[in-house]
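Good morning, and thank you for the time. I would ask you to look at the chain on the screen while I go through its helices, strands and a few individual residues.

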Amino acid sequence: MQKLLTVTLLLSLLLSGCASVSRSPRILEMPRLQESPLQKQLFALPAIDGNKITIAVYNFADKTGQRKTVDAYASFSSAVTQGADSWLIDALRLAGNNHWFQVLERSSLDNLVKERQLIAQTRESFQGKDAEKLSPLLFAGIIAEGGIIGYDTNVFTGGAGASLLGISSSTQYRKDVVTVSLRFISVQTGEVLLSTAVTKTITSVALSSNLFKFYEHGVTPAESELGFTANEPNTIAVRSAIDQAVIEIINQGAKTGLWKFAVTVKPQPTKANEK
């Protein structure tokens, strides 16, 4: 009878484990569009009072030199993304629903110049010296500079756990901090017009529970374990910090008088409408 109960318990634990796996998210998922974490806040920015600002983005580099923290071996993978300039370009284009900045491609300027040279040479070869000329490249009045300047791991760690009659449960958590810097520089004078820095925490949580029992007069053991881990993606955290930096620098420019927000004046009701 005791053996039957033990087998029944083990089968129930196995089936519950299989059921939890079947209910877990699918490993193979369809690709989805990644929206900006602060897209609504960027869209909600008031439009600029005037023409769009022509701005150039050359790079937004990782200046931390941090590597991924791995306990078992030395990792040479970077702790943060190396393509943060893409997030900065998207944030500038999304600002005020694309009413703030005219963003110019500068991160791949060499490729752009080579392609223009190829077009010019091909046209001249087939059409002669009177071949149609390419339109001149736009030039920017402001350069957006900056980068990821800090990545601090294990800034805050902790956990809690309890055990009673062979049943235990524990929780562990950790917080990292990433810091980005953004500044606008005047092309004509080289003056730093605006500058800001934004920090974003990255949270990781691990939950686990265990069951350990002896059956049949303390001879037959039964053990079960369940765990769950959630890690906030570093890339999303970096993008959130960049989005917030763009929002802050736009508001900062309005406060210093570098530009103005467009004010929408509501039409006053006429006497006919009042009636």
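Helices in this talk are DSSP runs of H or I with at least four residues, numbered from the N terminus. On that basis leucine 42 belongs to helix H2, which covers residues 39-43. Please keep in mind throughout that this is a predicted model.

Let me begin with the overall layout. The chain holds six helices and seven strands. In sequence order, they follow the pattern α-α-β-β-α-β-α-β-β-β-β-α-α. The chain has 275 residues, and 27% of them are buried. Among contacts with a separation of 6 or more, 71% are between residues 24 or more positions apart.

I turn now to helix H3, residues 84-94, and its partner, helix H5, residues 234-256. As a general matter, two packed helices are described by the angle between their axes and the distance between the axes. For H3 and H5, the angle is about 40° and the axes are 9 Å apart. How, then, are H3 and H5 oriented to each other? Angles from 35 to 65 degrees fall outside the parallel and perpendicular classes, and the two helices are therefore oblique to each other. Their crossing is right-handed.

Which residues of H3 form this contact? On the H3 side they are Ala84, Trp87, Leu88, Asp90, Ala91 and Leu92. On the H5 side they meet Thr235, Val238, Arg239, Ile242, Asp243 and Val246. By character, the contact residues comprise eight nonpolar, one polar and three charged.

Is H3 mostly covered or mostly open? Helix H3 is mostly covered, with eight of its eleven residues buried. The buried set consists of Ala84, Asp85, Trp87, Leu88, Ile89, Ala91, Leu92 and Leu94. Several names recur here: Ala84, Trp87, Leu88, Ala91 and Leu92 are buried, and they also take part in the contact with H5.

Let me return to leucine 42 in H2. Its relative accessibility is 0%, and because buried means under 20%, leucine 42 counts as buried. Leaving out residues up to four places away in sequence, leucine 42 touches Ser36, Ala91, Leu94, Ala95, Gly96, Asn97, Asp243, Val246 and Ile247. Of these, Ala91 and Leu94 are among the buried residues of H3, while Asp243 and Val246 are in H5. Leucine 42 thus touches residues of both helices of the pair just described. Leucine 42 and alanine 95 are 53 residues apart in sequence, yet their C-alpha atoms lie 4.7 Å apart.

Beyond the end of H3, the backbone deserves attention. Glycine 96 follows H3 and has a positive phi, near 60°. Which residues that are not glycine also have a positive phi in this stretch? Asparagine 97 has a positive phi of about 55°, and asparagine 98 has one of about 65°. Asparagine 97 sits in the loop between H3 and strand S3, residues 101-105, and asparagine 98 is placed in that loop as well. At 45% relative accessibility, asparagine 97 is partly exposed; asparagine 98, at 31%, is also partly exposed.

From the loop I move to the strands. Threonine 54 is in strand S1, residues 53-57. Its side chain is joined to the side chain of glutamine 102 by a polar contact of 3.3 Å. Setting aside neighbours within four places in sequence, threonine 54 is in contact with Gln102, Leu104, Phe139, Ala140, Gly141 and Ile142.

My last example is a pair of aspartates. Aspartate 176 is in strand S5, residues 167-186, and aspartate 152 is in strand S4, residues 142-164. Their C-alpha atoms are separated by 5.7 Å, although the two residues are 24 apart along the chain. Which of the two is buried, and which is partly exposed? Aspartate 176 is buried, with a relative accessible area of 3%, whereas aspartate 152, at 43%, is partly exposed.

Outside its sequence neighbours, aspartate 152 is in contact with Asp176 and Val177. Aspartate 176, counted in the same way, touches Tyr151, Asp152, Thr153, Asn154, Val155, Lys200, Thr201 and Ile202. The side chain of aspartate 176 also makes a polar contact of 3.2 Å with the side chain of arginine 174.

That concludes the tour, and I welcome your questions.

Definitions and conventions:
Residues numbered from 1 in each chain as written. Predicted model: local features only at pLDDT ≥ 70, side-chain atom pairs only at ≥ 80, totals over all residues. Heavy atoms only, no water. Axes fitted to C-alpha atoms, helices over the stretch in contact; angles between N-to-C directions. Parallel < 35°, antiparallel > 145°, perpendicular 65-115°, else oblique. Left-handed = near helix turned anticlockwise from the far one by under 90°. Contact = heavy atoms within 4.5 Å. Nonpolar A, V, L, I, M, F, W, Y, C, P; charged D, E, K, R; others polar. Buried < 20%, exposed > 50% of the residue type's maximum accessible area, 1.4 Å probe, protein only. Polar contact = N/O pair within 3.5 Å; in protein donor to acceptor, adjacent residues only side chain to side chain.
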